[in-house]
Amino acid sequence: MATLLRKVWGSVSTRSGLHSETSSTDRRGFEEPPSLGEFDRIPMDILMQILKLAGPKTSAKMGMLCKSWRSLVSDNTLWIFFLHNQLEPWDSVLFGETKLASGYPLETFSSQMMPLSFMKVYCKRAEVPGSVIIDGGSGYCKFGWSKYTCPSGRSPTFLEFGNIESPMYSRLRHFFATIYSRMRVKPSFHPVVVSLPICHYDDTESAKASRQQLKEAIHSVLFDMNVPSVCAVNQATLALYAARRTSGIVVNVGFQVTSIVPILNGKVMRKVGVEVVGLGALKLTGYLRELMQQNNIHFESMYTVRTLKENLCYVAEDYEAELCKDTQASYQAAGEGWFTLSKERFQTGEVLFQPRMGGVRTMGLHEAVALCMDHCHAAELTWDDSWFKTVVLSGGSACLPGLAVRLQKELYGLLPSPMSDGIRVIPPPYGTDTAWFGARLISNLSTFPSHWCVTKKQFRRKSKLNLLW
């Protein structure tokens with residue numbers, strides 16, 4: 001690469017010298033057509049291949065030699081190629097830089113009148129500092145670095161974030177201190193993105209006050225730990241971003257409850273209504289335990305039951321038809337040997353659609369999502385209904401095979417034709433880590449942290465805090 005740069009520089013220097021001599025003899029002169037010197041003889045596609053092989057740093061240096069090289073190097077196709085080879089998938093990079101780069105609140109209509117310069121995007125993304133990402137789920141917490149391909153650690157959360165009555169500050173302080181200790185990093189070195197389960201669902205004044213109190217507690221703890229800047233976004237919104245959407249309905253199957261959250265342009269539509277079903281991962285695991293006990297299948301711990309749920313269970317597209325099939329399958333649980341399940345495999349997930357099977361008096365998942373869609377339709381928030389017809393699943397138990405297909409089928413059966421047309425249910429894009437990857441997408445934006453984070457000074461002034469949730 002050094003030889004190539006010297007060759008380019010020599011070519012440009014020679015051309016510049018000749019141009020100076022011409023200009024001195026004829027002041028009127030004329031403007032030379034763009035030239036790459038000796039490299040003009042090389043076909044353009046070959047030059048682009050050379051630049052791709054040279055890499056982004058060398059290409060950027062060549063762009064500083066002269067206008068002709070700068071014009072060639074700034075070609076978007078070259079930098080799209082380089083972005084394709086980055087940590088983030090290209091589709092996510094394009095979505096993030098066009099839809100999320102402006103920060104929150106999101107721009108309803110793109111203000112990008114000029115074409116996006118991916119050379120600038122690449123250079124700015126390269127300068128973005130590494131961030132700590134903490135996805136504090138209701139059951140398990142995932143944490144890691146924004147520059148890593150996946151979370152570096154997981155642990156039980158052991159914290160009810162929504163319980164304002166408890167000594168919240170001390171519990172949050174212990175929780176975050178534990179995460180930083182496990183990551184072996186000082187809080188003052190890096191921005192942090194905190195993903196939290198959505199809580200206090202109502203649009204009442206009491207719920208608003210509780211959410212505000214929770215926000216202030218989280219920011220106070222982190223800033224008291226000297227974190228430079230904080231980005232706190234609810235789990236449902238991050239799951240939607242991970243699916244490369246800014247509007248839709250997120251079905252978050254949490255540890256104890258399932259939340260159906262309508263989101264428009266990145267904002268939770270609490271006025272429309274967040275539906276809550278009293279079924280979560282804990283109930284599914286408990287129901288599988290009951291079925292195993294009824295069939296004299298012995299086990300030593302709930303961990304084994306959860307492992308079997310994650311590896312053998314699924315959701316039947318047609319429950320009645322599935323009862324007539326041979327669905328027997330086996331799995332070897334560590335330390336306990338082989339387990340064989342049959343109907344238990346799909347009866348466990350069926351509780352989401354028929355809660356009474358598990359002794360729970362509540363509406364089925366499909367009914368709750370249909371009710372949410374009906375409310376969205378009645379609210380008439382946009383000129384069409386397409387915004388709420390994308391349903392994104394998130395949460396560990398939402399990864400059960402067949403759940404997306406079954407939910408989509410049930411919604412088509414429940415809703416009238418105009419409203420059901422175009423409904424699409426998307427499985428968790430990144431499995432159990434979907435919200436974490438949504439946070440990573442934000443933390444690698446070219447405008448991060450300035451457009452997404454709150455600093456300690458801003459928090460004290462409370463100038464930006466109300467915008468982030």
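**A walk from helix 19 to helix 7**

Let's start with Arg460, which is partly exposed, at 46% relative accessible area. Bear in mind that you are looking at a predicted model. What does the side chain of Arg460 meet in a salt bridge? The partner is Asp224, with 3.8 Å from N to O. Arg460 belongs to helix 19 (residues 456-461) and Asp224 to helix 9, so this pair ties together parts of the chain that are 236 residues apart in sequence. Like its partner, Asp224 counts as partly exposed, with a relative accessibility of 33%.

Helix 9 leads us to the sheet. The sheet is open and has six strands, in the order 3-2-1-4-5-14, with mixed pairing. At its edges stand strand 3 (153-156) and strand 14 (454-455); each has a single partner strand, so one side of each is left without a neighbour in the sheet. Further in, strand 1 (residues 132-136) and strand 2 (residues 140-145) run antiparallel and are joined by five bridges. If you want a residue to click on, try Val132, whose bridge partner in strand 2 is Trp145.

Now for what packs on the sheet. Helix 9 (residues 205-224) touches strand 4 (192-196), strand 5 (229-234) and strand 14, and its direction makes about 150 degrees with that of strand 5. Helix 18 (residues 434-443) packs on the sheet too, touching strand 1, strand 2, strand 4 and strand 5. The direction of helix 18 makes about 150 degrees with that of strand 1.

Back to charges for a moment. Side chains of opposite charge can pair when their charged atoms come close. With a cut-off of 4 Å between nitrogen and carboxyl oxygen, the count comes to 10 salt bridges. One of them joins the side chains of Arg440 and Glu88, at 3.3 Å from N to O. Arg440 sits in helix 18, while Glu88 lies in the loop between helix 5 (76-84) and helix 6 (90-100), so the pair ties together parts 352 residues apart in sequence. Are these two buried or exposed? Arg440 is buried, with a relative accessible area of 2%, and Glu88 counts as buried at 3%.

Helix 6 has a salt bridge to look at as well. The side chains of Glu97 and Arg125 meet at 2.7 Å, N to O. Since Glu97 is in helix 6 and Arg125 in helix 7 (residues 118-127), this pair ties together parts that are 28 residues apart in sequence. Glu97 counts as buried at 4% relative accessibility, and so does Arg125 at 12%. Elsewhere, Glu350, Arg406 and Glu410 are linked in a network of salt bridges.

Arg125 makes a handy way into helix 7. Which residues of helix 7 are buried? They are Phe118, Met119, Val121, Tyr122 and Arg125. Look down the axis of helix 7 and these buried residues fall within an arc of 160 degrees, so they line one face of the helix. The spacing fits a general rule: an α-helix has 3.6 residues a turn, so residues three or four places apart point the same way. The buried residues of helix 7 pack against helix 3 (56-62), helix 4 (67-73), helix 5 and helix 6. Turn to the other side of helix 7 and you'll find Lys120 and Glu127, which are exposed.

Definitions and conventions: Residues numbered from 1 in each chain as written. Predicted model: local features only at pLDDT ≥ 70, side-chain atom pairs only at ≥ 80, totals over all residues. Heavy atoms only, no water. Pairing = 2+ DSSP bridges. Helix = DSSP H or I, 4+ residues; strand = E, 2+ residues; numbered from the N terminus. Contact = heavy atoms within 4.5 Å. Axes fitted to C-alpha atoms, helices over the stretch in contact; angles between N-to-C directions. Buried < 20%, exposed > 50% of the residue type's maximum accessible area, 1.4 Å probe, protein only. Arc of directions from axis to C-beta.
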